[in-house]
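Trainee: Got a minute to go through this structure with me? I'd like to get a feel for it before I head back to the bench.

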Amino acid sequence: MRYLTFALTKGRLASKTLDMLEKLGITCEEMKDKASRKLIFVNEDLKLKFFLAKGPDVPTYVEYGAADIGVVGRDTIVEEGRKVHEVLDLGFGGCRMCVCGHEEAKELLKHHELIRVATKYPNIAKDYFYNKKHQTVEIIKMHGSIELAPIVGLSEVIVDIVETGSTLKENGLVVLEDVCSLSARMIVNPVSMRMENERIKELIVNLRRLLQEGEKKDAH
Ligand code: PRP
């Protein structure tokens with residue numbers, strides 16, 4: 001049997017994924033050793049391999065088949081636009097992609113003014129403003145702490161992730177428009193999906209069952 005390789009997004013998404021897999025009896029003891037400098041972890045019994053990567057690199061590994069399966073935020077999947085199959089909403093990592101700024105920027109948006117938009121997600125921002133809103137804007141690609149942009153006057157608004165809303169609140173900013181909702185997704189390489197259909201399908205079915213059981217528990 002060949003190895004099935006997983007690329008997981010470093011951090012919270014990876015630990016939540018490993019928790020879920022553990023409930024299905026899929027464990028990777030090697031990965032729990034925090035002191036280890038190893039980059040790839042193997043479960044010999046189940047013929048599985050796992051590695052951790054930065055979010056935007058996960059769809060790349062999956063598109064090229066260096067990983068069969070990936071777990072990554074929907075924001076990254078949409079932004080990167082790689083040829084991968086999105087097969088499952090894992091239900092965690094829920095948040096929203098929003099246009100945010102000072103309250104006063106609402107008027108600028110309403111009147112379709114030529115404004116500047118700072119974002120880590122230029123493709124998502126372009127699609128939203130150009131294709132959905134038919135509004136011409138100037139998009140400025142940034143790499144983090146996006147909320148700074150309207151505060152220091154780099155841009156009128158930002159397109160960014162809002163989870164609890166506390167970053168906005170603490171900086172006197174508000175949500176102006178909703179772009180889309182996000183959560184962690186499982187993606188699969190299209191060739192792997194065909195070649196390893198049974199193993200991957202079984203995994204998807206089991207994860208889906210686990211998610212439904214969780215939903216039932218929440219309802220009680
Ligand atoms: C994300 C996002 C917001 C913040 C939203 O940033 O870009 O800044 O979290 O969360 P909240 O609504 O719960 O406050 P992240 O911490 O990932 O770092 P970054 O600023 O480097 O993008």
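Trainee: Which residues of helix 5 are buried?
Mentor: In this predicted model, Pro122, Ile124, Ala125, Tyr128 and Phe129 are the buried ones in helix 5. Tyr128 also turns up in a core of 18 residues, along with Val99, Val157 and Val159 among others.

Trainee: And what follows helix 5?
Mentor: His134 comes after it, with a positive phi near 50°. That's a positive value in a residue other than glycine. His134 sits in the loop between helix 5 and strand 8, which covers 138–141.

Trainee: Is His134 buried or exposed?
Mentor: Exposed, because its relative accessibility is 62% and the cut-off for exposed is over 50%.

Trainee: Where else is there a positive phi in a residue that isn't glycine?
Mentor: Look at Ser145, where phi is about 45°. Ser145 is in the loop between strand 8 and helix 6, the latter being 148–152. Its relative accessibility is 56%, so Ser145 counts as exposed too.

Trainee: OK, switching to the ligand. Which residues are around it?
Mentor: Ser145, for one, plus Lys120, Gly144 and Glu147. Then there's the run Asp160, Ile161, Val162, Glu163, Thr164, Gly165, Ser166 and Thr167.

Trainee: Which polar side-chain atoms lie by an oxygen of the ligand, and at what distance?
Mentor: Glu147 has one at 2.6 Å from a ligand oxygen, and Thr164 has one at 2.5 Å. There's Asp160 as well, with a side-chain N or O atom 2.7 Å from an oxygen atom of the ligand.

Trainee: Where does Lys120 sit?
Mentor: In the loop between strand 7 (116–119) and helix 5 (122–132). Lys120 is partly exposed, because its relative accessible area is 35%, which falls between the 20% and 50% cut-offs.

Trainee: What is Lys120 in contact with, apart from its sequence neighbours?
Mentor: Skipping anything within four places in sequence, Lys120 contacts Lys141, Met142, His143, Gly144, Ile146 and Val159. Gly144 is also one of the residues around the ligand, and Val159 belongs to that core of 18 residues.

Trainee: How far is Lys120 from Ser36?
Mentor: They are 31 Å apart, C-alpha to C-alpha, with their positions 84 residues apart in sequence.

Trainee: Now the largest nonpolar core. Which members touch the most others?
Mentor: That core has 28 residues, and the ones touching the most other members are Phe6, Phe50, Ile69, Leu90, Met186, Leu203 and Leu207.

Trainee: Which helices and strands supply it?
Mentor: At least two residues each come from strand 1 (4–9), helix 1 (12–23), strand 3 (48–53), strand 4 (69–73), strand 5 (85–89), strand 11 (184–188) and helix 9 (197–219). Helix 9 gives the most, with five residues.

Trainee: Tell me about helix 9, then. What's buried in it?
Mentor: Arg199, Ile200, Leu203, Ile204, Leu207 and Leu210. The helix has 23 residues and spans 33 Å from first C-alpha to last, close to the 33 Å expected.

Trainee: Back to Phe6. What does it contact?
Mentor: Beyond its neighbours within four places in sequence, Phe6 is in contact with Leu21, Leu48, Lys49, Phe50, Phe51, Ala67, Ile69 and Leu203.

Trainee: Lys49 is on that list. Where is it placed?
Mentor: In strand 3. Lys49 is partly exposed, since its relative accessible area is 26%. Leaving out residues up to four places away, Lys49 touches Tyr3, Leu4, Thr5, Phe6, Ile40, Phe41 and Val42. Its C-alpha is 8.7 Å from that of Ala7, 42 residues away along the chain.

Trainee: And the big picture? How many helices and strands are there?
Mentor: Nine helices and eleven strands. Of the 220 residues in the protein chain, 43% are buried. Among contacts between residues at least 6 apart in sequence, 69% join residues at least 24 apart.

Trainee: What does UniProt place at residues 56–208?
Mentor: The unreviewed entry has a feature there, "domain: ATP phosphoribosyltransferase catalytic". In the model, that stretch is 38% helix and 29% strand, with its end C-alpha atoms 25 Å apart.

Note on methods. Residues numbered from 1 in each chain as written. Predicted model: local features only at pLDDT ≥ 70, side-chain atom pairs only at ≥ 80, totals over all residues. Heavy atoms only, no water. Core = buried A, V, L, I, M, F, W, Y, C linked by side-chain atoms within 4.5 Å. Buried < 20%, exposed > 50% of the residue type's maximum accessible area, 1.4 Å probe, protein only. Helix = DSSP H or I, 4+ residues; strand = E, 2+ residues; numbered from the N terminus. Contact = heavy atoms within 4.5 Å. Expected span 1.5 Å × (residues − 1). UniProt positions renumbered as here; feature names shortened; annotations may be inferred. Near = heavy atom within 4 Å. Polar contact = N/O pair within 3.5 Å; in protein donor to acceptor, adjacent residues only side chain to side chain.
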